[in-house]
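Thanks for coming. I will go through one helix, the nonpolar cores and a surface patch. Here is the model.

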Amino acid sequence: MSVRSSDRSGQISVLLALLFFLMLGISLLIFGGMREYGKTALIEAFFDHAGEEVLTQYDCALYDRYHVFMLDPREEEYIPGDGKKAVEDCFASGGFFRGIDTEITLDSRKTATDDNGKALLDQIRRWETCRGIKKIPDMVNELLKNTEKKTVEGALRDVEAEPPRDDPAGEEGTDHVETEEEKKVKRTWKEWKQVLGDVLNSGILLYVVDDRSKLSSLRLPSTKDLPSKEIGRHDLTFSLDGLSLTGLGQLKELVSKGLTYDKDSSLLTSDAFLIPYLFDHFTHYRKGDAKRSHRLSYEMEYLLGGKTGDKANLKYVADQMFLLRFLVNYGYAVTDPEIRGEAEAMGLILTGILGFPEGAEAAAMLLIASLCYGESLLEVRALFSGKEVAPVKTKANWNLTFSNAAAKLGSRAEIIKPDKGINYEGYLTGLLIIRSGSRKLLYRMMDVMQGNVSLDEPGFLMKNAISSFTWTGEFTWDPFIRRIMAFGLGFADRYTMKVRRTVIYN
């Protein structure tokens, strides 16, 4: 039986129709898949954009003062809502993005004090890199070279011996008739001791400043929420109050504690870029800022001293500068034959009056130390007055002798102007390098930042200032082809897409 041509054409038509629908279904699947893939890619881009937009809401006062990008710590609860609004604003065109349900949750966040302040340090590093990091002045290296460990060890070795047990200026020998030379030496020592005693009673700071009434009396209002409270304070401090001029025990303790530092944690390791940043953004005794209000006037001194009041921090810095100068001066004086010879002659006379000649060497060391004490006071006063001090002592720039010391120190005489010297800022730099491990310095920097920003924004806390955060966005929508009945391919459920991102300033 033969098949009619009309039957064949009908079968062909059905086959072609099936092929057409198959191709149409495949095309729709490909088109729908590409459409959904494009939508997911755009949603991810919108989510990233939303994170950047939230970050643009950084605390303006913090950036304006310190060029630090961090979210206001009180804005944490608004982050998910602000992010959702930013994403949905991108969907506002409708059509392609119609029917997308958005939910954003904040998973975690890091603050300025997390990871030992790493985020803050990184931002400062990037800022200084963009500006071109300044090199630490060569004069600071010279300063450190001349206050190195061997100078300390030499000073300690020289003051080991006990000085005379009695005050050579307070008693006379019972059977000894004083010569004119002995009377002169005794009178010189008595005057010199009186001047030094007056300085000790008033303190180094009050001696080195010109106008005591102009010293700042500002204090931090509260230390409860200071970031530095998290690490505590372990300063190596010393006290000159009550230093005995007939006993060098306290001076020995001062020298032994004064210049010890941990090289592994000091700024000499890797974070020296902080030095130019500090001088650009923080005030100190020689540099004020009349354009802005401040919690403390002596901010860099606070970084070193960590005290709550300006005067206490300035006193700490004055004592530390005195120590640096004392070590340099003592290292030179004990090797100068003229100074040493005069001290030994005076020591022999003073101890001879008491009939205790075996104490002459100890008395000579005391006299040299007291002369270096006076020399250092004049030099620290010069630093506080804005003048420079020679980092290396020579006969040409030595100021005092035993005969003129009392008069010069009493009149606060000017020091000999050095050919090349270091000023107050240079010594601050040296102290920051010697005294400040990066973490301690960074947290005290945050204390100052917090205090100043809170003047404009009460309640601001650096320990909550957000440096980065991680959040998750969940997006749900109907697919382009919900169900293709002819081929049994179904998409009964809605698409759900989750995106998780960590947002950080770059």
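**Helix α14 and the cores**

At 1.5 Å a residue, the 25 residues of α14 should span 36 Å, and its end C-alpha atoms are 36 Å apart, so the two agree. The expected span is 1.5 Å times one less than the number of residues. Helices are DSSP runs of H or I, at least four residues, numbered from the N terminus.

A word on the source: this is a predicted model, where local features need pLDDT of at least 70 and side-chain atom pairs count only at pLDDT 80 or more, while totals for chains, interfaces and linings use all residues. Residues are numbered from 1 along each chain as its sequence is written, and side-chain values use heavy atoms, with hydrogens and water left out.

Of the 25 residues of α14, 24 are buried (under 20% relative accessible area, 1.4 Å probe, protein chains only), so the helix is largely enclosed by the rest of the structure. Just after α14, G386 has a positive phi of about 95 degrees.

The largest nonpolar core (buried Ala, Val, Leu, Ile, Met, Phe, Trp, Tyr and Cys joined through side-chain atoms within 4.5 Å) has 94 residues. M321, F384, M445 and M449 have the most contacts inside it. Helix α14, residues 360–384, gives the most to this core, with 15 residues. A second, separate core has 23 residues, including I43, I79, V87 and F475.

Last, L15, in helix α1 (residues 5–55). L15 is partly exposed (between 20% and 50%), with a relative accessible area of 48%.

Notes: Helices (H or I, at least four residues) and strands (E, at least two) are DSSP runs, numbered from the N terminus.
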